[in-house]
Amino acid sequence: MRELQDRFGRSFHYLRLSITDACNFKCQYCLPNGYHPDGKPRFMTLEEIRRVLLAFAQVGTRKVRITGGEPTLRKDFEAVVDLAANTPGVQRVATTTNGYRLAEHAKAWRQAGLSQINVSVDSLDPVQFQRITGDSRFDLVMKGIDTALAEGYDKVKINVVLLKEHNGDQLPLFLNYIKHQPVDLRFIELMETGLHHDYFQRHHLPGAVIQQQLEQAGWTLDPRGPDDGPALNYSHPDYAGRIGLIMPYAKDFCATCNRLRVSAIGKLHLCLFTEAGIELRDLLGSDEQLAPLVARLHAALGQKHETHYLHDGNAGATPHLASIGG
Ligand code: SAM
Ligand code: SF4
C-alpha cells in the first residue's frame with residue numbers, strides 16, 4: 001500500500017466525509033437563511049460512499065469523520081457509520097453533528113461503530129444558543145451529550161465557534177461546565193467563507209484571546225501526539241475536561257494538516273478553502289474502478305498547496321462550510 005503524501009511531506013490518515021449539504025439549523029455563520037438546495041440534490045449513495053471509503057482505506061486512511069450539513073438528517077446515517085467502521089484499515093469513526101438526534105440514537109450509533117462525537121454548541125445559554133443557531137432545542141442537544149457520555153464513547157467533544165458579540169466573554173461558563181464533565185471543548189476561530197465577509201468582520205475573535213486567558217488561569221499545553229491535527233490542546237489538573245483551540249489564521253496552522261475532505265456530491269477537497277474540488281464521482285459507479293480511483297487520489301495530492309492563503313483575504317471557493325463539512 002502506498003500512503004497519500006503531498007509535496008511537503010505531509011501524510012493524510014484522516015478523511016472528513018460529508019454525506020449531505022442539508023441542515024435543519026440556521027447557524028448565523030453558516031446557513032443564516034437555512035438550507036435551500038440548488039435544484040434536486042444528488043448526494044452520494046451508500047454504494048458510492050462504500051467505494052470512497054475503500055479507496056481511502058487503501059491509501060492509509062485510519063480515521064473517518066462523517067459530517068455535513070447535518071449528517072444525521074440522512075435516514076441511512078447509521079448504515080454509513082456501520083460501513084465506515086467495517087472498512088478494513090479504518091480504526092476510528094467520528095461524526096460532527098448539531099446533536100438534535102443524539103439523545104435518541106447515541107446508543108444505536110455506538111453499537112454501529114461510532115466511537116467519537118463532536119457536538120456543536122456555541123453557547124451554554126439557551127436563549128443565546130437559539131439566537132446563534134435558530135433552533136430552540138438546547139436542552140435536547142445537552143441531553144444528547146449526557147447520553148453519549150453514558151454510552152461510553154471514546155471521546156465526546158463540544159465545538160464552539162468563537163463569536164465576538166455572542167460568546168466571546170463566556171469562557172467562565174464553559175470552564176464551569178467541564179469542571180466535572182469529561183468533555184473536550186474545542187474553540188474554533190470563525191473562518192471567512194465566500195458568503196459572509198461582513199459577518200466575519202463583525203464577529204471574528206482571535207483564538208489567541210482565549211489562549212491568553214487559559215494560560216493565565218493555569219492551563220498548560222499538552223504535547224502533540226503523532227496523529228494530532230492542527231488543534232492546540234490544553235489541560236488543567238482541576239478540570240475533568242480539556243480544551244482545544246483551532247486557530248486557522250495562526251502561523252504554521254497548515255504545517256500539521258493531516259486531513260482530506262470529500263463533499264456530499266463526491267468531490268475531493270484538498271483544503272477547506274483553496275479550490276473547487278476534484279471530481280471523484282465518475283469513478284464511484286463500480287468496484288472495478290477502485291484502481292483508477294486510487295490513482296486519482298495520488299495524482300490529486302500533487303496539487304495540494306502548502307497553505308490556505310487565508311491571510312491574503314482569500315475566502316476561496318467555499319460559500320459556507322455546510323457545503324463541505326467544516
Ligand atoms: N452540522 C454539523 C455541526 O454543526 O456540527 C456538522 C457540519 S458543520 C459545517 C461542522 C463544523 O463547522 C461545526 O462545528 C460548525 O460550528 C463549524 N463551522 C461552520 N461554519 C464555520 C465558520 N464559518 N467558521 C468556523 N467554523 C464553522
Ligand atoms: Fe447546520 Fe452545522 Fe452549518 Fe449549523 S454549522 S447551519 S448545524 S451545518
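## A tour from the parallel strands to ligand 2

Begin by selecting strand β1 (residues 14–18) together with β2, two strands that run parallel and are joined by 5 bridges. The model in your viewer is a predicted one. To follow the connection between this pair, extend the selection to helix α1 (residues 46–58), through which the chain crosses from β1 to β2 in a right-handed β-α-β crossover. Within the pairing itself, pick out Tyr 14, which stands opposite Lys 63 in β2.

Now keep β2 (residues 63–67) alone and colour the strand by accessibility: 5 of its 5 residues are buried, and the strand is accordingly described as mostly covered. In a regular strand the side chains alternate between the two faces of the sheet. Select Lys 63, Arg 65 and Thr 67 for one side of β2, then Val 64 and Ile 66 for the other, and you will find that the residues of both sets are all buried, with both faces covered.

Next, add strand β3 (residues 92–97), which pairs with β2 in the parallel sense over 4 bridges. A useful residue to centre on here is Arg 65, whose bridge partner in β3 is Ala 94. Showing helix α2 (residues 77–85) as well completes a second stop of this kind, since β2, α2 and β3 make a right-handed β-α-β unit.

Finally, move to ligand 2 and display the residues that surround it, namely Cys 23, Phe 25, Cys 27, Cys 30, Leu 31, Gly 69, Asn 98 and Ala 322. Coloured by residue class, this shell around ligand 2 divides into 6 nonpolar and 2 polar residues, with no charged residue in it.

Key. Residues are numbered from 1 along each chain as its sequence is written. Chains are lettered from A and ligands numbered from 1 in the order in which they are written. This is a predicted model: local features need pLDDT of at least 70, side-chain atom pairs count only at pLDDT 80 or more; totals for chains, interfaces and linings use all residues. Side-chain values use heavy atoms; hydrogens and water are left out. A residue is near a molecule or strand if one of its heavy atoms lies within 4 Å of it. Ala, Val, Leu, Ile, Met, Phe, Trp, Tyr, Cys and Pro count as nonpolar, Asp, Glu, Lys and Arg as charged, and the others, Gly among them, as polar. Buried means under 20% relative accessible area, exposed over 50%, partly exposed in between (1.4 Å probe, protein chains only). Two strands pair if DSSP finds at least two bridges between them. A crossover is right-handed if, with the strands pointing away from the viewer, the path from the first strand over the helix to the second runs clockwise.
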